[in-house]
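Hi there,

Here is the structure I promised to pass on. Have a look at it first, and then read on for my notes.

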Amino acid sequence: MIGRFKLTNVSRSIAKINARSCSLLQKGWRRLCKIVANYLDLIVLNSILGRAPEISMNLFYLFVSLLICVSTRADGNTRTQVKQSTERVEPNIIAWRRDFHEHPELGNREIRTAGIVAKHLEALGIEVKTGVAKTGVVGLLKGAKPGPVVALRADMDGLPVTERGGLPFASKVKTTFNGRETGVMHACGHDTHVAMLLGVADVLAGMKNDLHGTVKFIFQPCEEGPPFGEEGGAELMVKEGVMENPHVDVVFGQHIWSNLEVGKIQYRPGGTMASSSDLQIIVKGKSAHGATPWSSIDPIVVAAQIINNLQPIISRNLNISQNPGIVTIGSIHGGNRFNIIPETVELMGTIRAFSPGDEKMLSDRVKQVALKTAESAGATAEVKIPYSVRCPVTFNNPALTEMMLPSLKKSAGAENVTMMPPKTVAEDFSFYQEKAPGLFVFLGGMPAGGNAETAPAHHTPDFTVDEGALKLGVETLANLALDYMELSQK
Ligand SMILES: [Zn+2]
Ligand SMILES: [Zn+2]
């Protein structure tokens, strides 16, 4: 019995260690270990009874080898496969990225880009739907095994920015935007997003037989906001049913970031990027000669009072210990001559918040302050919030963020994954997160050793990213999908 005890303990210890080392498959793995442990008990019993002890010991060693072998395969193999496949497709990812960079297209006009995307997905045997939300492409990769539907998203649009700098694949595209001639540039890095998601499609299509679920690839147009008078972007994709048929259980996305070093990933649970609503306030007064202001109701003075009265909303109404928020007036138009008091003044601005509650509060207070300030002067104000665009808070589901953190750390290395402060820019990925739990992370795109303070900002003519970042982006999204599927088996 002593021998049996010892060997059983050994087998259980190995099982324990291995089970810990492959947390993603813990449940199934424990079951396997239990079977093996029981079998070892039987062998030991035989050896105690004097039946062919050398065969029993050989079998024991065989089982131990099997245990170690299977345990390394469980977690490491998938990851190694992702890494190797990513390395294999890296030259293609870079080539796609350069091609998209050289041929950027504005929002709702991504016809060439969408064509290349659809063609590649089809070549991989992925079910493809085109023309979603105008130029969007949705690919469906059905794994051989049942499991959740995981959506992965990339945005495809460029910006009306004229590129500077001497990249051999710099954009020379020109267009007319809002009546003015301008260059078109991938000045937010969406070229890299499309290329990386095509790479992910390649990697995961090669693992189709092992996939526990379905991957929905969302190639979205117009993230930067639709041209005036048009619908577009994530909001329209959701409206056209991208989160249904099949219903999406979880959605992942990433944004390359020009002042975060290559190899790093940043994340944040909860409010990560701000909600954004534009606003318009039209102040109506009474016109008069500039020399007889007493006979006017001066909308310029009222507009100035409104701007001042809006300032305490952030300092006195918002709980800044929880979340930041912003009220900015970015343009003011009124009058056309120095000695005429005009009848109206138009103010345009933006409101940013990090929770749906704050978003509503800030919007209500701006309306109230504008209306009452105007009223107190005998003027009127018309307030439109949103005026033309609204984007909800990019809210990373906290439980999902916690659940997927080990996956991020395995892709980038634990020391390269850090929590970030909230970003006051907005991202329409939030519309998907209103329909399913989602996680949106930031991928370093600044060359190693670069200066985050001076790295060219997004949306500027000098914006650039280090292509060395793309590999990690592919691995990150592929591993998020695979790990979520594995975790869902439990
Ligand atoms: Zn942007
Ligand atoms: Zn962007």
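Which exposed residues does the face of H8 turned away from its buried side carry? They are Lys360, Lys372, Glu375 and Ser376. Before you go further, please keep in mind that this is a predicted model.

Let me stay with H8 for a moment. This helix runs over residues 356–376, and its end C-alpha atoms are 30 Å apart, which agrees with the 30 Å that its 21 residues should span at 1.5 Å a residue. Among its buried residues are Asp358, Glu359, Leu362, Arg365, Val366 and Val369, with Ala370, Thr373 and Ala374 further along. Viewed down the axis of H8, the buried residues fall within an arc of 165°, so they line one face of the helix. What covers them includes strands E10 (275–284), E12 (326–334), E14 (344–353) and E15, as well as helix H7 (299–317). Just after H8 comes Gly378, with a positive phi of about 80°.

Helix H5 (residues 190–205) is worth a look too. From its first C-alpha to its last, H5 reaches 22 Å, close to the 22 Å expected for its 16 residues. H5 is mostly covered, with 15 of its 16 residues buried.

Now for some backbone details in the loops. Most peptide bonds are trans, and most residues other than glycine have a negative phi. Here are the exceptions I would point you to.

Two cis bonds:
- Asn245 to Pro246 is a cis peptide bond, with omega near -5°. Pro246 sits in the loop between helix H6 (233–239) and strand E7 (250–261).
- Ile385 and Pro386 are also joined by a cis peptide bond, and omega is about -5°. You will find Pro386 in the loop between strand E15 (380–384) and strand E16 (390–391).

Two positive phi values outside glycine:
- Asn108 is not a glycine, yet its phi is positive, at about 70°. This residue lies in the loop between helix H3 (53–102) and helix H4 (111–123). Asn108 counts as buried because 21 other C-beta atoms lie within 10 Å, and the cut-off is 20 or more.
- Cys222 has a positive phi near 60°. The loop that holds Cys222 runs between strand E6 (212–220) and H6. With 28 other C-beta atoms within 10 Å, Cys222 is buried as well.

Happy browsing, and best wishes!

Key:
Residues are numbered from 1 along each chain as its sequence is written. Chains are lettered from A and ligands numbered from 1 in the order in which they are written. This is a predicted model: local features need pLDDT of at least 70, side-chain atom pairs count only at pLDDT 80 or more; totals for chains, interfaces and linings use all residues. Helices (H or I, at least four residues) and strands (E, at least two) are DSSP runs, numbered from the N terminus. The expected span of a helix is 1.5 Å times one less than its number of residues. A residue is buried if 20 or more other C-beta atoms lie within 10 Å of its own, exposed if 12 or fewer, and partly exposed in between; C-beta atoms are placed from the backbone. The arc is that of the directions from the helix axis to the C-beta atoms. Two residues are in contact if their C-beta atoms, placed from the backbone, lie within 7 Å.
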